[in-house]
Amino acid sequence: MTTSRKKTKISVYLDPEVMKMLADFAARRDRSQSMVAEAAIASFLSPDDAERREAVLARRLDQIDRRITRLERDVGISVESLAVFIRFWLATTPALPEPAAKAARAKAGDRYEAFISALGRRLAQGPKLRHEVSEDVDGGGRS
């Protein structure tokens with residue numbers, strides 16, 4: 001013979017926002033608010049709650065670690081790209097004679113504005129260098 005345990009009724013005060021969240025959640029799951037509240041309290045008081053929280057925290061830390069790793073990679077690509085460009089530019093650009101250097105300095109502002117505009121367009125819509133590099137590296141390794 002099975003013995004049925006009678007549930008005990010309690011009264012709690014909930015913030016209106018929490019009450020709305022409880023009602024919405026129960027409605028979405030087609031469950032009673034009492035059942036959802038009971039499950040939430042049981043989960044909160046469960047001895048393995050700390051382990052679950054630790055697992056959630058570990059997953060989040062792993063995600064952060066992967067993001068930081070990608071960020072380090074992207075910064076490394078940026079720094080190396082800039083270094084290669086500067087080395088190439090210094091090696092291939094001859095010094096200008098003084099009259100031409102004055103004209104170049106006068107034109108520098110316009111060229112800088114054009115560069116900033118092109119960079120803005122590239123960042124807003126174009127493919128990112130890090131994607132191009134990873135595709136080139138991945139594609140080159142498979143051949």
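Biologist: Which helices each supply at least two residues of the nonpolar patch?

Modeller: H1 and helix H2 (33–45) each do that. Keep in mind that this is a predicted model.

Biologist: Which helix gives the most to the nonpolar patch?

Modeller: H2 does, with 3 residues. The whole patch covers about 780 Å² and is made by Ile 10, Val 12, Leu 14, Val 18, Met 19, Ile 41, Phe 44 and Leu 45.

Biologist: Take Leu 45, which lies in helix H2. Why is Leu 45 called exposed?

Modeller: Its relative accessible area is 62%. Exposed means over 50%, so Leu 45 earns the word. A patch residue needs over 30%, and Leu 45 clears that too, at 62%.

Biologist: And Lys 9, where does that sit?

Modeller: Lys 9 is in the segment before H1.

Biologist: What makes Lys 9 count as exposed?

Modeller: Same routine: Lys 9 has 75% relative accessibility, and the cut-off is over 50%, so Lys 9 is exposed. By the way, Lys 9 and Ser 34 are 25 residues apart in sequence, yet their C-alpha atoms are 9.9 Å apart in space.

Biologist: How many aromatic pairs does the structure hold?

Modeller: Just 1. Tyr 112 and Phe 115 form it, with 6.5 Å centre to centre and 40 degrees between the planes.

Biologist: Why is that pair called tilted?

Modeller: Look at the angle. Stacked planes are under 30 degrees apart and edge-to-face ones over 60. At 40 degrees the pair of Tyr 112 and Phe 115 fits neither, so it is tilted.

Biologist: How far apart are Tyr 112 and Phe 115 along helix H4?

Modeller: They are 3 residues apart in helix H4 (residues 98–125), which means a separation of about one helical turn.

Biologist: Why is Tyr 112 called partly exposed?

Modeller: Tyr 112 has a relative accessible area of 48%. Buried would be under 20% and exposed over 50%, so Tyr 112 falls in between.

Biologist: Zooming out, how many helices and strands does the chain have?

Modeller: There are 5 helices and 0 strands. Buried residues make up 6% of the 143 residues, and the chain exposes about 13,300 Å², with carbon and sulfur atoms supplying 60% of that.

Biologist: How confident is the predictor, and which helix has the lowest mean pLDDT?

Modeller: The chain's mean pLDDT is 84, and 88% of its residues reach 70 or more. Helix H5 (residues 129–142) has the lowest mean among the elements, 60, whereas helix H1 (residues 16–29) has the highest, 94. Where pLDDT is low, the predicted coordinates should not be read in detail.

Conventions: Residues are numbered from 1 along each chain as its sequence is written. This is a predicted model: local features need pLDDT of at least 70, side-chain atom pairs count only at pLDDT 80 or more; totals for chains, interfaces and linings use all residues. Side-chain values use heavy atoms; hydrogens and water are left out. Helices (H or I, at least four residues) and strands (E, at least two) are DSSP runs, numbered from the N terminus. Buried means under 20% relative accessible area, exposed over 50%, partly exposed in between (1.4 Å probe, protein chains only). Accessible areas come from the Shrake-Rupley method with a 1.4 Å probe; for residues, only the protein chains shown count as cover. pLDDT is the predictor's confidence in each residue, from 0 to 100. Patches are made of residues with over 30% relative accessible area and no salt bridge: like charges are joined within 9 Å, nonpolar side chains (Val, Leu, Ile, Met, Phe, Trp, Tyr) within 5 Å. A salt bridge is a side-chain nitrogen of Lys or Arg within 4 Å of a carboxyl oxygen of Asp or Glu. Rings of Phe, Tyr and Trp (its six-membered ring) pair if their centres lie within 6.5 Å; planes under 30 degrees apart count as stacked, over 60 as edge-to-face and the rest as tilted.
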